[in-house]
Amino acid sequence: MKASNLYEQIYKYIERTPVISTHEHHLNDEDHQNITLEAIIDKSYVGWQNIPVGTTSQEHTQFLEKARYNSYFVWLQKAIDKLYDIGGKITPENWEVISNKIKRKHKDPAAHLAILKNQCRYIRALSDIYWETGSDLGHPELFSPVVRSDMFVKCYHPLVRDHDDNSPWEFLPVRGLTFREYMDLILGFHRDRVDKGAVSFKLATAYERPLSVGSVAYERAARIYMTDPKDITDEDMLAYGDYIINRICELAAELDVPYQIHTGLGELKGSNPMLFESTITRHPETRFVLFHGGYPWYHEIGALAHNHDNVFIDMVWLPIICTQAAVQALDEYIEVIPTADRITWGSDTWTSEEALGALLAFQHTLTQVLTKKVNEEYIDIDDAQIFVEKVLFRNAKNIYTLELPGNDGCLNG
Ligand SMILES: [Zn+2]
């Protein structure tokens, strides 16, 4: 594509704008040491696609033939090109050279953070560390943690684990508690994490159960708690999770932290964001940040934000799932959302290389949409630039009440 002058003008403005990422699964420091090209691919959404990366040149050739057109791969490759100057494409011939460059860069143990701060321009990122929820990875200067609800929602008994293999019985001192004591403990854990700097709760339960959540009485949940898994019905299992989700919604409102909700993809039969609408209306004081444009149901996300003041839209992950869907979704959201203050972005990635790829995908999405909107005279260039700042950092700063160093009036200059 030949970029227009307006596209270039908007893109340059974006490249001078700081970024707050609302969602990262960034790996621990030691996991970035000795990282290779294979490992970066393996730890990315490309690696989710079940196309073997292989170890030999012949296997790499087969992998590249299959993966080359997929948007996860395309944007990861662009990021690797930007960081390691690979001549545009990963090929079987340059594979080892690239891998050696990656290993050399990460000999510096701070290299992964330097990429986030310098190339991704992150001034803050929200860490969803599902293997140790509430962690800031030992870098509080960059990461603000979120607390995941999934294990509390899924696990009514020590033999039950969530989709990330977590259990409250291993994470917290749960043994021997009554249900009332258990609820006090887990809600106390959330409060304590917020006291210590967590800025949001996060629900990714759509990977293992539907987003339809009913009202469930305390007594029913108390009866289900500690039921032997072989004696439980599917209905009871869901009802137990419903009870926990409602309690966490209430706590989010009380503590004034947003609740990030995974919608779309996951278990497709239950992850349509419309299924969550009854929960949105049941908890009008809770601020729900709906993730991923609800892909493939991105129109639904726009409609929910249109109708409910407590719905926020996060473009996280969408630009690398399908860049054109992200363009269409954002084009629509700008028009339908009552205020541009309710839209944010995060990378949703494990490595800095993939984070940069996700950012490049979003920058392209943002520029495509704003170029079109200015060309059509829907908005002018000044409003386009204000929108860039809102989506890249100002909205996240306000929604998650983030304290940032310095005067943010000087962040873009
Ligand atoms: Zn995620």
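Which residue in strand 5 is the bridge partner of F201? It's Y259. Keep that pair in mind, because we'll walk outwards from it through the sheet. And one caveat up front: what you see is a predicted model.

Okay, the sheet. It is open, with eight strands in the order 1-2-3-4-5-6-7-8, and the pairing is parallel. Strand 1 (19-24) and strand 8 (343-344) sit at the edges with a single partner strand each, so each has one side with no neighbour in the sheet.

Now back to strand 4, residues 200-203, where F201 lives. On one flank, strand 4 is joined to strand 5 (residues 259-261) by three bridges, and the two run parallel. Strand 3, residues 143-148, also runs parallel to strand 4, again with three bridges between them. If you want a residue pair for that one, R148 has K202 as its bridge partner in strand 4.

So what about the faces of strand 4: covered or open? Both are covered. In general, side chains in a regular strand alternate between the two faces of the sheet. Here S200 and K202 are on one side, F201 and L203 are on the other, and all of them are buried. Yes, that includes the lysine, K202.

Let's move along to strand 6 (residues 288-290) and strand 7 (residues 311-314). They pair in the parallel sense over three bridges, and F288 stands opposite V311 of strand 7. Helix 14, residues 298-307, packs on the sheet there and touches both strand 6 and strand 7. The helix direction makes about 145° with that of strand 7.

Next, a spot in helix 17, which covers residues 352-375: have a look at L370. L370 is buried, because 29 other C-beta atoms lie within 10 Å, and the cut-off for buried is 20 or more. Setting aside neighbours within four places in sequence, L370 contacts I10, A384 and F387. Also, the C-alpha atoms of L370 and L330 are 9.3 Å apart, with those positions 40 residues apart along the chain.

Last bit, zooming out. The chain is divided into domain 1 (34-105) and domain 2 (125-410). Their centres, taken over C-alpha atoms, are separated by 30 Å. The contact between them takes 14 residues from each of domain 1 and domain 2. On the domain 1 side, helix 5 (residues 71-84) gives the most, with nine residues. And the make-up of that domain 1 side is nine nonpolar, two polar and three charged residues.

That's my tour, thanks.

Terms used:
Residues are numbered from 1 along each chain as its sequence is written. This is a predicted model: local features need pLDDT of at least 70, side-chain atom pairs count only at pLDDT 80 or more; totals for chains, interfaces and linings use all residues. A residue is buried if 20 or more other C-beta atoms lie within 10 Å of its own, exposed if 12 or fewer, and partly exposed in between; C-beta atoms are placed from the backbone. Helices (H or I, at least four residues) and strands (E, at least two) are DSSP runs, numbered from the N terminus. Two strands pair if DSSP finds at least two bridges between them. Domain bounds come from an automatic or database domain assignment. Two residues are in contact if their C-beta atoms, placed from the backbone, lie within 7 Å. Ala, Val, Leu, Ile, Met, Phe, Trp, Tyr, Cys and Pro count as nonpolar, Asp, Glu, Lys and Arg as charged, and the others, Gly among them, as polar. Axes are lines fitted to C-alpha atoms, for helices over the stretch in contact, and angles run from 0 to 180 degrees between N-to-C directions.
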